[in-house]
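Let us read a structure together, one feature at a time. Have the sequence and the 3D view open.

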Amino acid sequence: MKYKKIGDILIVDNNYSNDDFERLSRKHKVKTIMRIDHIQGTKREPVYKILYGSETETINKENGCLFKLDLSKVMWSKGNNNERLRIAKLVEDGETVIDMFAGIGYFSIPIGVHSNAKQVYAIEINPNSHHYLRENIKLNKLNNVTPILGDCMIETPKLKADRIVMGYVKTTHHYLKVAIDSLNAGGIIHYHETVPEKLMNSRPVERISAQAGNRDVEVLKINKIKKYAPGVEHVVVDARIN
Ligand SMILES: C[S@@+](CC[C@H](N)C(=O)[O-])C[C@H]1O[C@@H](n2cnc3c(N)ncnc32)[C@H](O)[C@@H]1O
C-alpha cells in the first residue's frame, strides 16, 4: 500500500478500500483522496479517480516554493523534487534560461526563487498547465519568469539562452536540435531521457552529439533521477555546448 501527499490531497495506489478513506483523510489531514492510474499524452494529463472528497486543486510546498495545481488536470512527480532544486542551484547570476517544457513551473519557479537569473522563459503547450504556471509566478512573487503558451519547437528558436532545461521524457531527443541552436556558446542543456539502464551512459550523450554538429559537447554530469519502469531509468545529462 503506497501513498503520497501533495498539498492537502492524498494520492493512493489501488490497494486501499472504501473503508480506509475516512480514516486516512483524518490521519493525513487531507480534503481529497485520489488514485492516479497513469499520465497520458504529450500534455502529460492524469487519468484519475476521486475516492474521497471532491476538490482537486491544491497548493504544494516544495523546496521553499509554492506550486498551485489541479491534480485532475496536470501532473506532479514527487520523485523529481531533488532534481528541481539541483537545477535551480546551478543557475548563475545574470543567466538567461529557457524552460522548454515548463508545465506549472516545476523548474522555472525554483529557478526564479533560488537564483538570480536575468530572465527565465517558461514555454508550455497545455493551457491548463500554463494557467497554473501564471498563478505560480504570482504566488511566488517572481518578476523574472515569462510564461509563454505554445509549442517549444516553434517558440524556442525565437529566443537565445545560456541554459536550457528539457524536462520532458517522451520524445525529448526530437527537440535537441532546436535547443542547441538557441544555446549561446558555452551554454548548458539539461536533457532528460528515459533510457534502458545499460544504455544510460551512452545513448543520451550520443543523441546530443549527433545534433550538436560542429559544436563541442562537454558532458558535465549524467544524473539518475529515478527508476521509470523495470530496467528503465529517467536520467538527465548536463552538457556544455561550446
Ligand atoms: C509535466 S512536465 C514534466 C515533469 C517535470 N519535469 C517535473 O519535474 O515534475 C512536461 C510538460 O511538457 C509539456 N509539453 C509537452 N510537449 C511540449 C511542447 N512541444 N512544447 C511545450 N510544452 C510541451 C507538457 O504539456 C507538460 O506540461
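The dialogue below moves from the domains to the sheets, then to single residues and the ligand.

Q: What should I know before I start?
A: This is a predicted model: local features need pLDDT of at least 70, side-chain atom pairs count only at pLDDT 80 or more, and totals for chains, interfaces and linings use all residues. Residues are numbered from 1 along each chain as its sequence is written.

Q: Which domains does the chain have?
A: Domain bounds come from an automatic or database domain assignment. Here the assignment gives domain 1 (3-55) and domain 2 (78-241). The C-alpha centres of domain 1 and domain 2 lie 28 Å apart.

Q: How do I read a sheet?
A: Strands of a sheet pair through backbone hydrogen bonds, either parallel or antiparallel. Strands (E, at least two residues) and helices (H or I, at least four) are DSSP runs, numbered from the N terminus. Two strands pair if DSSP finds at least two bridges between them. Take the open sheet of four strands: the order is β1-β2-β3-β4, and the pairing is mixed. Its edge strands are β1 (3-6) and β4 (45-52), each pairing on one side only. The twist averages 35° from one strand to the next. Angles run from 0 to 180 degrees between N-to-C directions, and axes are lines fitted to C-alpha atoms, for helices over the stretch in contact.

Q: How do β1 and β2 pair?
A: They pair in the antiparallel sense, over four bridges; β2 covers residues 9-12. For one facing pair, look at lysine 4, which stands opposite isoleucine 11 in β2.

Q: What is the strand order in the sheet of seven strands?
A: The order is β9-β8-β7-β10-β11-β13-β12. This sheet is open too, with mixed pairing. Its edges are β9 and β12: each has a single partner strand, so one side of each is left without a neighbour in the sheet. Here the twist averages 15° from one strand to the next.

Q: Which strands does α4 lie across?
A: α4 lies across β8 and β9, and runs at about 165° to β9.

Q: Which strands pair with β13?
A: β11 (residues 183-196) pairs with β13 in the antiparallel sense over ten bridges. There, threonine 194 stands opposite histidine 234 in β13. Ten bridges also join β12 to β13, again antiparallel. In that pairing, asparagine 223 faces valine 236 in β13.

Q: What links β12 to β13?
A: The two strands form a hairpin with two residues between them. Glycine 231 sits in the turn and has a positive phi of about 80°. Its loop lies between β12 (217-229) and β13 (232-241).

Q: Is glycine 231 buried or exposed?
A: Count neighbours. A residue is buried if 20 or more other C-beta atoms lie within 10 Å of its own, exposed if 12 or fewer, and partly exposed in between; C-beta atoms are placed from the backbone. Glycine 231 has 9 C-beta neighbours inside 10 Å, so it counts as exposed. Two residues are in contact if their C-beta atoms, placed from the backbone, lie within 7 Å. Leaving aside neighbours within four places in sequence, glycine 231 is in contact with Pro196 and Glu197.

Q: Where else should I look for a positive phi?
A: Try arginine 44, with a positive phi of about 55° although it is not a glycine. Arginine 44 is in the loop between β3 (32-40) and β4. It is partly exposed, with 18 other C-beta atoms within 10 Å. Lysine 141, also not a glycine, has a positive phi near 55°. Lysine 141 lies in the loop between α4 (127-139) and β9 (145-149). With 9 C-beta neighbours inside 10 Å, lysine 141 counts as exposed. Lysine 29, just after α1, takes a positive phi of about 55°.

Q: Why does α1 lie largely in the open?
A: Helix α1 (residues 21-28) has eight residues, and the number buried is zero, so it lies largely in the open.

Q: How many residues surround the ligand?
A: A residue is near a molecule if its C-beta atom, placed from the backbone, lies within 6 Å of it. Here 20 residues surround the ligand; the closest are Asn80, Phe101, Gly103, Tyr106 and Gly167. Domain 1 and domain 2 each give at least three residues to the shell. β8 (119-124) and α5 (152-155) each supply at least two.
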